[in-house]
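Biologist: Before I plan anything at the bench, I would like to go through this model with you. Please show it first.

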Amino acid sequence: MLMQTSWTGLGTSIASLMFLWTMIRKYLPRQFDLYISTYTHKIFSYFYPYIEITFQEYSGNRFSHSKAYTTIKSYLSAATSERARKLKADVGKDSSNLVVTMDDHEQVTEEFKGVKLWWSSNKKTPRTQTISFYPAQDEHRYFTLTFHHRDRRLVMDCYLAHVMEEGKAIAVRNRQRKLYTNNRSKNWSGYKKNEWSYVVFEHPATFERLAMDPEKKEEIIDDLEAFKNGKDYYEKIGKAWKRGYLLYGPPGTGKSTMISAMANFLDYDVYDLELTAVKDNTELKKLFIETSNKSIIVVEDIDCSLDLSGKREKEEKPKEEEEEEKKKHPPGAKKEEHDSKVTLSGLLNFIDGLWSACGGERLIIFTTNHVEKLDPALIRRGRMDKHIELSYCTFEGFKVFAKNYLDLESHPLFERIRLMMEITKILPADVAEKLMPKSFKGKRNAESCLEDLIQFLQEAKAKEEEAIQLELKSKEEIKSKENGSVEITPIENGCANREVK
């Protein structure tokens, strides 16, 4: 009983001293307080025989993900899954397995060559409610490795190298390709931030199933293969390891399918960048830094995303447009939060400026239906290195569709279709629709699908001829009005009335 009373009194005294020290520190000079803290830490370290190494989730002043943190996370998913009590799981490669790693505020013990080490996963949230510019500042995650000071050389020379090597191998085995998109969201302080969110990328498109000219397809495959294996070459010539592709052509020609085939061929992630959701050029750079290596960054329909059509100087708007603009944004009214301030200059810097060299092995792809609307500086060689026109379906493309959809390599109707496709324009999307073997009425046979395609081609040809006739007639009428003509009216009283138009 006496011992219990003594310990209780000691605890109360320590608590009182701690409270008193906290109050005194408020009135101490800053330099004196720093001096005391430094020497207190040194004294404590003298009696504390353990060393701690911290691996932060973000590097570069929280501007990009730390590769060391990501690799250690992969390593710990395998090394600690059987020993940790608090775990978190995510879907692994091909959605066939789960990748498990320890949760926040969890610690596990590991042995390496007879040496005991401790790993802990930690997370901190800022207490002060300040506006957070970078998403990483909302939650501060890090791993801590603790070991005895006598094992310093073993840990530094062998263990950390072992962790990095194993972590990279595990990451490759468990890697699951993802489709990212940027979206605006609010953090706890109410500030809107832009960040990447993702879903699993499972598009089945491949170059074997792509309906296009075989020679053109082979050219694209060779170019992608050369890029994928071109790390040493890009270092030799002093260029960032990236390549730009411009995909252009009418709607329905397979631009999105082409991107999916590229991603599957290279085994890259896809980042679908929505420019209208990006606040300004700074935010655009931040998003670019957050993309990973081995990725494809896509801006679809870039001619519709922002006003990047070459109008660099502000032109005078018609009075009607100015009045309409005033109605939408009255003087003094707050503009819509989704209005983007990304400029052509910012986008060019994103493609091939200094920031484009941050990371490597990236493709940047623009798609457009109207290439003539784009600023020449945006699509010049060196920025968009390869221009790929995806146009109307050819007979070679049709044969790929017939093989994929109907399991046909030849048919008596093929020759008729070939002759019609030489004189009639048809979109690949329309060919695919007509060759679908299933309809609302039930399953159709292959011949029925081919006959539907022939009928569609006939109708398309008739519409083309009708459009040509209307265009010619319109041109003749305009020419007639411009040049003038003499029209003779019926004879009345033996004289011909002439009227000049």
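What follows is a set of questions and answers on a sheet, its helices, the cores and the cysteines.

Biologist: What kind of model is this, and what is left out of the side-chain values?

Modeller: Residues are numbered from 1 along each chain as its sequence is written, and the model is predicted, so local features need pLDDT of at least 70, side-chain atom pairs count only at pLDDT 80 or more, and totals for chains, interfaces and linings use all residues. Side-chain values use heavy atoms, leaving out hydrogens and water.

Biologist: In what order do the strands of the open four-stranded sheet run?

Modeller: Strands are DSSP runs of E with at least two residues, helices are runs of H or I with at least four, and both are numbered from the N terminus. Two strands pair if DSSP finds at least two bridges between them. Strands S1 (50–56) and S6 (106–112) are the edges, each pairing on one side only. The pairing is antiparallel, and the order is S1-S8-S7-S6.

Biologist: Which residue of S8 stands opposite Trp119?

Modeller: S7 and S8 pair in the antiparallel sense over seven bridges. On S6, Val108 stands opposite Trp119 in S7. In S8, the residue opposite Trp119 is Leu145.

Biologist: At about what angle to S8 does helix H4 run?

Modeller: Axes are lines fitted to C-alpha atoms, for helices over the stretch in contact (heavy atoms within 4.5 Å). Angles run from 0 to 180 degrees between N-to-C directions. Helix H3 (residues 67–79) lies across S1, S6, S7 and S8, at about 65° to S8. Helix H4 (residues 152–174) lies across S1, S6, S7 and S8 too, and its angle to S8 is about 135°.

Biologist: Which element gives the most to the largest nonpolar core?

Modeller: A nonpolar core is a set of buried Ala, Val, Leu, Ile, Met, Phe, Trp, Tyr and Cys residues joined through side-chain atoms within 4.5 Å. The largest has 27 residues, and Phe207 is among those touching the most other members. Elements giving two or more residues include helix H5 (214–228) and helix H7 (255–266). With six residues, the one giving the most is H7.

Biologist: Is Cys393 buried or exposed?

Modeller: Buried means under 20% relative accessible area, exposed over 50%, and partly exposed in between (1.4 Å probe, protein chains only). Cys158 counts as partly exposed because its relative accessibility is 30%. Cys393 has 7%, so it counts as buried.

Biologist: How many disulfides are there?

Modeller: A disulfide is a pair of cysteine sulfur atoms within 2.5 Å. Searching the whole structure gives a count of zero.
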